[in-house]
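Q: Hey, can you walk me through this one? I'd like to start with the cysteines.

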Amino acid sequence: MFTFKKSKTLQLITSFIHSIQSQITSHPLISLSVFSLFLIEILIFCSHSPPPLPPPAPSDHKCHDGKVYVYELPPIFNSDLVGTCEDLDPWHWQCGVATNGGYGMTATELAGIVPESLAPAWHRTNQFSSEIIFHNRIMKHKCRTTEPESATVFYIPFYAGLAVGKYLFSDSTTEERDFHGVKLIEWVQAQPYWRKSNGSDHVLVLGRITWDFRRLTDPEKLWGSKFLNMPEMQKVTRLTIERAPGDYQDIGIPYPTGFHPSTPTDIQTWQNFVRTYNRTSLFTFVGAAREDVGDDIRGLLLRTCRNESLSGTCRVVDCAVTPCANGSSEIMESLLGSEFCLQPRGDSFTRRSVFDCMVAGAIPVLFWKRTMYDQYEWYLPEEPESYSVFIDHGDVSQGKKSIKAVLESYSGEVVKKMRERVIEMIPDIVYSDSNGGMKDAFEIAVDGVLKRFKSERRRESAGN
């Protein structure tokens, strides 16, 4: 209504100006007086026009599984934690991580590697930025409500990963690492809708792996915070890039990659690109050795790949030499040019590289089932052999199986079929740069949480 009235006002002004043009020469003083009075009337009219309408309420027929209410937290729990280039560990973070809604700066280094039309869709996205991404996206979601009494789910936009990440790689006390989590619990416990459910209808996103929030009681196990061990957190649903097996409240979501398509056409263009790419190597390995870890399979894979690189069978990107934290042109070229990608465990069972691999259309080779099979149930097919290869890490370490021999045993037709399955999964494992409801990792997570809470309410009603 406000926009309509303003446009009509402009039309009236324009019409009036045209009408007095013929009079202003012969009667300048009269015309000026009339024009001044008319402008005063217009200002009075605009001052009484209604203010812009608030965001439209969620459409019930589109939100049949429920609505999401987003808490407005004090900045100490989110925006203040984004920090500067100086107060976050540079090895695991980067300047400008919060730009573009958490997607980061444009990856200009990929020019000439990815299709020119998709260059704007590629960013230097930090692997720990999902808290920022989800917060930005949920604020624009079609099922977000500003009326808490109508909400099914209460979203807590706490940047827990940024909070603990500020202290993980420095000399810090347990009190420092626990500070924000403890204060967040104190704040949310004072909210009426938390008190009604003790948090059982609340959800938050963890930008780091679940183990960074489960500090053990062993005095020598000082890593991370105690956030998820706190009694108040036991009923809260957590979306996290690596979940704890057997913990119902943990839900695995994909690591953010650098690809953020804006339209279905972007997705289709990329799928066709990786489908027809000329892959000249059998497999690739992107990573660094872990010499301080017993049974360092990553070091073994690195040596194996280097030996095979002489014949072109394997491509290698040594992350001890090439910065790999947020992607690079070397990584992209390596993944695009290979049929398979080796995915051992990282510092934990999961790695962002698994998702980089699949987005590039390569077939992941896993050595621990917990790397993917027990993590991302909402995103992956039930038949792991349809999109991946599993070789037990013990068989590799003990020399019982040759990676090259196993991969060469797959026929070209089977490889093509597995790649097509991987390519079909790409829309589900990327975070799009769109507010149009495009199905992606974010939408799957929100829909999944709403359906889960709806199902729980039905069970509770049936039990009463």
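Q: So how many disulfides does the structure hold?
A: There are three disulfides, a disulfide being a pair of cysteine sulfur atoms within 2.5 Å. This is a predicted model, where local features need pLDDT of at least 70, side-chain atom pairs count only at pLDDT 80 or more, and totals for chains, interfaces and linings use all residues. Residues are numbered from 1 along each chain as its sequence is written, and side-chain values use heavy atoms, with hydrogens and water left out.

Q: Which cysteine does Cys 63 join?
A: Cys 63 is joined to Cys 143, S to S 2.1 Å. The two sit 80 residues apart in the chain.

Q: Why is that disulfide left-handed?
A: The torsion about the S-S bond of Cys 63 and Cys 143 is about -100°, so the link is left-handed.

Q: What about Cys 341, buried or exposed?
A: Cys 341 is buried, and Cys 357 is too; buried means under 20% relative accessible area, exposed over 50%, partly exposed in between (1.4 Å probe, protein chains only). They form a disulfide, S to S 1.7 Å.

Q: Switching topic: what's the strand order in the open sheet?
A: It goes β8-β7-β9-β10-β11, with parallel pairing. Strands (E, at least two residues) and helices (H or I, at least four) are DSSP runs numbered from the N terminus, and two strands pair if DSSP finds at least two bridges between them.

Q: Which ones are the edge strands?
A: β8 (314-318) and β11 (389-390), as each pairs on one side only.

Q: And how many bridges join β7 to β9?
A: Four, and Thr 284 stands opposite Cys 341 in β9.
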